[in-house]
Amino acid sequence: MSQHDSKKVLIALDYDNEQAALDFVKQLSPQTCRLKVGKEMFTYFGPQFVKQLVDLGFDVFLDLKFHDIPNTVAKAVTAAAELGVWMVNVHASGGLEMMQKAKEALAKYENAPLLIAVTVLTSMDQAQLSRLGVDKTPQEQVLYLAKLAQEAGLDGVVCSAQEAESLKTELGADFKLVTPGIRPVGADVGDQKRIMTPKKAVEAGSDYLVIGRPITKAEDPVKALEAINLEINA
Ligand SMILES: O=c1ccn([C@@H]2O[C@H](COP(=O)(O)O)[C@@H](O)[C@H]2O)c(=O)[nH]1
């Protein structure tokens, strides 16, 4: 499905104002993008905000990156499934058992959300990883955690597009790669470290591109989305 999925862009709705976010969303079509709700909007506006987006017909990625004991995470992903989200995530560093329990918790749902695991945040480079006591390169650590996520039966991982090619080779075409750290040519990089342009990310094997500020902070966010869709579907 992923290679022919024309809705590859997941817009990161990182707003502190619910109405501003909804005003933007109402200019979008569920046919041309999906939406991501992360910690900021969820903490301000809660499950009701997510529900509104689902009711508007959008596929919603609930990006809360659960990282806790297996029982707690299993219950949290269940709550996400009850909201009707399309995708939800956990931290792979929560461990094999935690990921397995989360997957098991979703088994009872006919339309279960895709369950993916965060590997190494795209804001981290080699130096930051070393400061955590990890003696691998980001590429090696991403692959290590992605293999663990696959062993746990998850549907894919969050990684940077820089790791996409090797992960597709190692883990197969069906294992979904969700890649933040996407920056069109000339866009402000901000706090992201492992970045790639939309076109190159798709060529490298990204299934879904998470894009926030290059769209939401653009002078015309709708036009910015259209330009990215044109670039990656050309
Ligand atoms: O490794 C990760 C995991 C999640 N994110 C999230 O993606 C968006 C990126 O937003 P930009 O404005 O395009 O940088 C944001 O919501 C992060 O929480 C990530 O960047 N990296």
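## Ligand shell, core and helix packing

In this predicted model, 16 residues surround the ligand, and those that come nearest to the ligand are A12, T122, P180, G212 and R213. Two elements, β8 (208-211) and α9 (213-216), each give two or more residues to this shell. By character, the residues of the shell around the ligand comprise eight nonpolar, six polar and two charged ones.

The next topic is the nonpolar core. The largest nonpolar core holds 66 residues, and within it I11 and A117 touch the most other members. The element that gives the most to this core is helix α6 (residues 138-151), which supplies five residues. In soluble globular proteins, nonpolar side chains tend to be buried together. If neighbours within four places in sequence are left aside, A117 is in contact with N89, V90, H91, A92, M99, L145, A149, L154 and V157.

Where in the chain does M124 lie? M124 is placed in the loop that runs between β5 (114-118) and α5 (126-131). Is M124 buried or partly exposed? M124 counts as partly exposed because 18 other C-beta atoms lie within 10 Å, whereas a buried residue would need 20 or more. When residues up to four places away in sequence are not counted, M124 touches L129, P138 and K193. Of these partners, K193 is 69 residues from M124 in sequence, yet the two are 5.9 Å apart in space, taken from C-alpha to C-alpha.

Two helix pairs can be set side by side in a table.

| Helix pair | Axes | Angle | Handedness |
|---|---|---|---|
| α3 (residues 70-83) and α4 (residues 96-106) | within 8 Å | roughly 35° | right-handed |
| α6 (residues 138-151) and α7 (residues 164-171) | 11 Å apart | about 35° | right-handed |

For the crossing of α3 and α4, which is right-handed, the contact is made on the α3 side by P70, V73, A74, V77, T78 and A81, and on the α4 side by E97, M98, K101, A102, E104, A105 and L106. The residues of this contact of α3 with α4 divide into nine nonpolar, one polar and three charged.

For the crossing of α6 and α7, which is right-handed as well, α6 contributes Q139, L143, A146 and Q150 to the contact, while α7 contributes S166, L167, E170 and L171. Here the residues of the contact of α6 with α7 fall into four nonpolar, three polar and one charged.

Notes: Residues numbered from 1 in each chain as written. Predicted model: local features only at pLDDT ≥ 70, side-chain atom pairs only at ≥ 80, totals over all residues. Axes fitted to C-alpha atoms, helices over the stretch in contact; angles between N-to-C directions. Helix = DSSP H or I, 4+ residues; strand = E, 2+ residues; numbered from the N terminus. Left-handed = near helix turned anticlockwise from the far one by under 90°. Contact = placed C-beta atoms within 7 Å. Nonpolar A, V, L, I, M, F, W, Y, C, P; charged D, E, K, R; others polar. Core = buried A, V, L, I, M, F, W, Y, C linked by C-beta atoms within 7 Å. Buried ≥ 20, exposed ≤ 12 C-beta atoms within 10 Å, placed from the backbone. Near = placed C-beta within 6 Å.
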